[in-house]
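This briefing covers the overall fold, one helix and its packing, and a few single residues. The sequence and the structure come first.

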Amino acid sequence: LRLVEAARQLRVKRLVIGECGHAWRAAQAFMDTLNGPLDFLESPRPEHICELAARLIREGRLKLDKTANDGMSVTYHDPCNLARAGGLTEEPREILRAVVNDFREMSADTIREKTFCCGAGGGLLADELMEVRMKGAKPRIEAFRASGADCLATPCAICKAQFPAAFEHYGLNAQVVGVMDLLGKAIII
């Protein structure tokens, strides 16, 4: 409600939700139901930051330097809330292809709507559940390892918190970053 009230007061045309998949999914499902129609916006629904960024890249409105992200090979993890629950699968990949020279997809049977959970979703991101979390992460860790990448990009805060622990547990020397982090490094101002 605070977002909708602020958007109305500021007379914005677009409401953009940040990288968090949980917030975007909740906004998609309930924002207009709980707060009335969002008929004052150009878009009838809140937009995910990856949708906005991909559109700006397609329109040529962002000047980018892929070499800013050289020195790493990047793969993408589809968070549950974005991919399976929200159908947002292509925009993060468009961004990564535009800002990274070495983008590698994981196996086709483990991505997009077929994604594996990071192992910490559904309220499992708690230290006392570490054994369960690590077992849950194993299929995604195996898919990451098979990609040959050394960096995993994802827009979900839960995934970003889970993967460093899972990489350490499974003996992987890899980095976890946000999609917007890589975009931010590549933008030429």
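A residue is called buried at under 20% relative accessible area, exposed at over 50% and partly exposed in between, with a 1.4 Å probe and protein chains only. By that rule, Glu91, Pro92, Arg93, Ile95, Leu96, Ala98 and Val99 of helix α4 are buried. The model is predicted: local features need pLDDT of at least 70, side-chain atom pairs count only at pLDDT 80 or more, and totals for chains, interfaces and linings use all residues. Residues are numbered from 1 along each chain as its sequence is written, and side-chain values use heavy atoms, with hydrogens and water left out.

**Overall fold**

- The chain holds seven helices and five strands; helices (H or I, at least four residues) and strands (E, at least two) are DSSP runs, numbered from the N terminus.
- Their order along the sequence is α-β-α-β-α-β-α-α-β-α-β-α.
- The radius of gyration of the chain is 17 Å, which agrees with the value near 16 Å for a compact globule of 189 residues. This radius is taken over C-alpha atoms, and the globule rule is 2.2 Å times the number of residues to the power 0.38.
- The C-alpha trace spans about 50 × 40 × 25 Å along its principal axes.
- Of the 189 residues in the chain, 43% are buried.
- Among contacts (heavy atoms within 4.5 Å) with a separation of 6 or more, 75% join residues 24 or more positions apart.
- The exposed area of the chain is about 9,600 Å², and carbon and sulfur atoms supply 53% of it. Accessible areas come from the Shrake-Rupley method with a 1.4 Å probe; for residues, only the protein chains shown count as cover.

**Helix α4 and its packing**

- Helix α4 is largely enclosed by the rest of the structure, because seven of its ten residues are buried.
- The cover over these buried residues includes α3 (49-58), β3 (74-76), β4 (151-153) and α7.
- The axes of α4 (residues 90-99) and α7 (residues 179-186) come within 10 Å and cross at roughly 35°. Axes are lines fitted to C-alpha atoms, for helices over the stretch in contact, and angles run from 0 to 180 degrees between N-to-C directions.
- The crossing of α4 and α7 is left-handed, meaning that the near helix is turned anticlockwise from the far one by less than a right angle.
- On the α4 side, Pro92, Ile95, Leu96 and Val99 meet Val179, Met180, Leu182, Leu183 and Ala186 of α7. The residues of this contact are nine nonpolar, no polar and no charged.

**Arginines**

- Arg11, in the loop between α1 (2-10) and β1 (16-17), has a positive phi of about 55° although it is not a glycine. Arg11 is exposed, at 72% relative accessible area.
- Arg112, in the loop between α4 and α5 (130-147), also has a positive phi of about 55°. Arg112 is partly exposed, at 23%.
- Arg133 lies in helix α5 and is buried, at 3%.
- Beyond residues up to four places away in sequence, Arg133 touches ten residues' worth of partners including Cys118, Asp127, Ala161 and Gln162.

**Lys160**

- Lys160 sits in helix α6 (residues 157-169) and is partly exposed, at 26% relative accessibility.
- Leaving aside neighbours within four places in sequence, Lys160 is in contact with Glu19, Thr154, Pro155, Val176 and Gly178.
- The C-alpha atoms of Lys160 and Ser43 are separated by 29 Å, and the two residues are 117 residues apart along the chain.

Key. Ala, Val, Leu, Ile, Met, Phe, Trp, Tyr, Cys and Pro count as nonpolar, Asp, Glu, Lys and Arg as charged, and the others, Gly among them, as polar.
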